[in-house]
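Here is a set of short exercises to work through with the model open in your viewer. Try each task before reading its solution.

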Amino acid sequence: MPGLEDLYREIILDHYRTPRNRGELESPPAIRADGHNPLCGDEITVYLALDGTGDDAVVSDIKIGGQGCSISQSSASMMTQAMLGKPVGEVRALARRFKTMMGIEVDDEQQSDADIALGDLEALQGVVKFPVRIKCAVLSWNTLLQALDTP
Amino acid sequence: MMLESATIDWATIADEFPILSREIDGARLVYLDSGNTAQKPRRVIDAMSDFMRKSYAPINRSSYRIAGEATDAYESARAAVARLINAPAADEVVFTKNATEALNLVAQSWGRANLDSGDVVVLTEMEHHANIVPWHMLAAERGIELRWIRLTPDGQLDLTDLDNLLDGAKVLSFTAMSNVLGTLTPVSLLCERAHAAGALAVVDACQYVPHNVTDVQAWGADLVAFSSHKMCGPSGIGMLWGRMEILDAMPPFLGGGNMIDTVTFDGFTTAPVPAKFEAGTPPLVEAVGLGAAVEFLEDIGMAAIRQHEMVLTRYALDTLNERFGDDITIYGPDNVEVRGGVISFSFRDLHPHDVSQVLDERNVCVRAGHHCAKPLMKVLGVNATTRASVYLYNDNSDIDALADGLDGATDIFGF
Ligand SMILES: Cc1ncc(COP(=O)(O)O)c(C=O)c1O
């Protein structure tokens, strides 16, 4: 059986205890998207501020609201750090890469995705060994993608 | 085994449940999720397997001998259930898929026949989704009004406003025991007040029947729903008991074989209750297992089971409070006279998913989540809780394992 140390890596606990980029952005102008996990009732809100338009728009600010477990909270926290300053095209690519790492099939997967470095987010790889927790890890990512698709 | 003796050797009860001797990674299984679904004694497993080996056949349709045996086995399960809840007649027990289907049957059959726009259905804030969503569905379809009995701070029903809530109501549908708070509700009183207001009294007894002496006649209830899988029986079969007069007047729910008297090109007529509500091939093997579960529980005695769980629940509440003080918040009443062995709690500011994950590492099985009671979570001001629930096979050592596991969570998350 996979051990708890595979799941609760130090960096995950650090982001859980001290989440980065928590808070709210005024919406509008920021885009707001709400996500929830129907299994456990966790709720998360992503506030996304973009500079520019289309795939070249850059994430100028991102904040996370809501409640969740250590996995969903740390995943959201690391996600915000990775996304700040990135153009939307790269945001989508990183999300695809992350979801693929979580063992989720993404339809628009591209060959170049494999080269994307995940950095600290690699720490969440252990979640794959605990299938019920995968939903926790991807909750903020799906909510972010929802924000990007908000017209 | 010691079942015939008046004093029960609880230590040997767990031996009747094969799964409880399973070890994972060298540690024994500590099963504290019986409020979710209960484990199965050997007697139930054997009864189902013997039935499939020896007498399995269709019921009510064929004249050969094993079909007769199968029909007898199915009907004797019905009789066993009727005996367990002191129903006046076995034919008042309708087999369904589970308690959820039983409650949907009530809303769809009784509700559609009797409720119209503006009619009032009263529920409580501590209902399981199974006793909420069927009424929401009817509200969307018919425009009925839902009213809610609120809770006291310690998680009991606040009855001060009951007369107003029931004023003009057609249905009062409520749980006999909360699957989150453990709260036992005053069922007889609520049935009486419902009737005084001219309302139908529907009881969700899913958490109650497996753990208490049930007497539907003493309750004065009209319709009562519960599930086999929470009372040591198999999954896949549930029950709706109802007073014959009420069941008789209700239109059928699902249509098909077994529920008809005759069918023509122009229409159909229904079979008498209970067949009227048992369309299609019923859960035969499951009924046989359920019958064996009822006999198993009867041999031990429901009063003895309730007593055992009261003592265990007291031990659990005291142990958790003493060991964790302000770090734990236990929801629901503290008095075990008015609560069953379902213990929901928040632990430090840890998320229930994390708590249950750490407990699982020690083979302690608890449930984390909203327990299919999202409106109640809102009242409690949380998204989710961790829930430990006990049954006849649990003892103090299981509670100690839970508490030790919580210490482990403290270590991992470092406080
Ligand atoms: C109070 C209560 N009502 C209804 C149900 C639904 O039971 P089932 O899932 O067997 O239909 C449950 C089970 O979780 C319950 O605890």
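## Exercise 1: A charged pair in chain A

A:Arg32 is partly exposed, with a relative accessible area of 42%. This is a predicted model, so please read each value below as computed from it.

**Task.** Find the salt-bridge partner of A:Arg32, and classify that partner as buried, partly exposed or exposed.

**Solution.**
- Step 1. Look at the charged end of A:Arg32: it forms a salt bridge with A:Asp34, with 3.0 Å between the closest N and O atoms.
- Step 2. Check the distance against the cut-off, which is within 4 Å for a salt bridge.
- Step 3. Turn to A:Asp34, whose relative accessible area is 41%. A residue is buried under 20% and exposed over 50%, so A:Asp34 counts as partly exposed.

## Exercise 2: Two salt bridges in chain B

**Task.** Which residues pair with B:Glu141 and with B:Arg193, and how accessible are the partners?

**Solution.**
- Step 1. B:Glu141 forms a salt bridge with B:Arg142, the closest N and O atoms lying 3.7 Å apart.
- Step 2. Both ends of that pair are partly exposed: B:Glu141 at 41% relative accessibility, B:Arg142 at 23%.
- Step 3. The side chain of B:Arg193 meets that of B:Asp163 in a salt bridge of 3.3 Å, N to O. This pair links distant parts of the chain, as B:Arg193 sits in helix α7 (residues 187-196) of chain B and B:Asp163 in helix α6 (residues 162-166) of chain B, 30 residues apart.
- Step 4. Here the classes are not shared: B:Arg193 is partly exposed at 27%, whereas B:Asp163 is exposed at 53%.
- Step 5. For the wider picture, salt bridges with shared partners join B:Glu75, B:Arg78 and B:Glu278 into one network. Over all chains, the structure holds 26 salt bridges.

## Exercise 3: Where the chains meet

**Task.** Describe the interface between chain A and chain B: how many residues are in contact, how much area is buried, and which residues form the salt bridge?

**Solution.**
- Step 1. Count the contacts: 24 residues of chain A touch 18 residues of chain B.
- Step 2. Add the area: the two chains bury about 1700 Å² between them, and 49% of it is on carbon and sulfur atoms.
- Step 3. Look for charge pairing. There is 1 salt bridge between the chains, formed by the side chains of A:Arg133 and B:Asp354 at 2.9 Å, N to O.
- Step 4. Count the polar contacts: 9 residue pairs, with both residues at pLDDT 80 or more.
- Step 5. Map the chain A side. The elements giving two or more residues to it are α1 (4-7), α2 (10-17) and α3 (70-83) of chain A, and α2(A) supplies the largest share, 3 residues.
- Step 6. Sort that side by class: 14 nonpolar, 6 polar and 4 charged residues.

## Exercise 4: The buried side of a helix

**Task.** Which residues of helix α5 (residues 133-142) of chain B are buried, and what do they pack against?

**Solution.**
- Step 1. The buried residues include B:Pro134, B:Trp135 and B:Leu138.
- Step 2. These three cover an arc of only 95 degrees around the axis, and therefore lie on the same side of α5(B).
- Step 3. Recall the helix geometry: an α-helix has 3.6 residues a turn, so residues three or four places apart point the same way.
- Step 4. The buried residues of α5(B) pack against α4 (99-114), β5 (120-124), β6 (145-149) and β7 (169-175) of chain B.
- Step 5. Just after the helix, α5(B) is followed by B:Gly143, which has a positive phi near 75 degrees.

## Exercise 5: A leucine in a loop

**Task.** Is B:Leu181 buried or exposed, and which residues does it touch?

**Solution.**
- Step 1. Locate B:Leu181 in the loop between β7 and α7 of chain B.
- Step 2. B:Leu181 counts as buried, at 0% relative accessibility.
- Step 3. Leaving out residues up to four places away in sequence, B:Leu181 has contacts including B:Met126, B:Leu151, B:Tyr331 and B:Pro333.
- Step 4. Compare sequence with space for the last of these: B:Leu181 and B:Pro333 are 152 residues apart in sequence and 7.5 Å apart in space, C-alpha to C-alpha.

Methods:
Residues are numbered from 1 along each chain as its sequence is written. Chains are lettered from A and ligands numbered from 1 in the order in which they are written. This is a predicted model: local features need pLDDT of at least 70, side-chain atom pairs count only at pLDDT 80 or more; totals for chains, interfaces and linings use all residues. Side-chain values use heavy atoms; hydrogens and water are left out. Contact means heavy atoms within 4.5 Å. Buried area is the accessible area (1.4 Å probe) that two parts lose on being put together, summed over both. A polar contact is a pair of N or O atoms within 3.5 Å; within protein, one must be able to donate a hydrogen and the other to accept it, and residues adjacent in sequence count only if both atoms are side-chain atoms. Helices (H or I, at least four residues) and strands (E, at least two) are DSSP runs, numbered from the N terminus. Ala, Val, Leu, Ile, Met, Phe, Trp, Tyr, Cys and Pro count as nonpolar, Asp, Glu, Lys and Arg as charged, and the others, Gly among them, as polar. Buried means under 20% relative accessible area, exposed over 50%, partly exposed in between (1.4 Å probe, protein chains only). The arc is that of the directions from the helix axis to the C-beta atoms.
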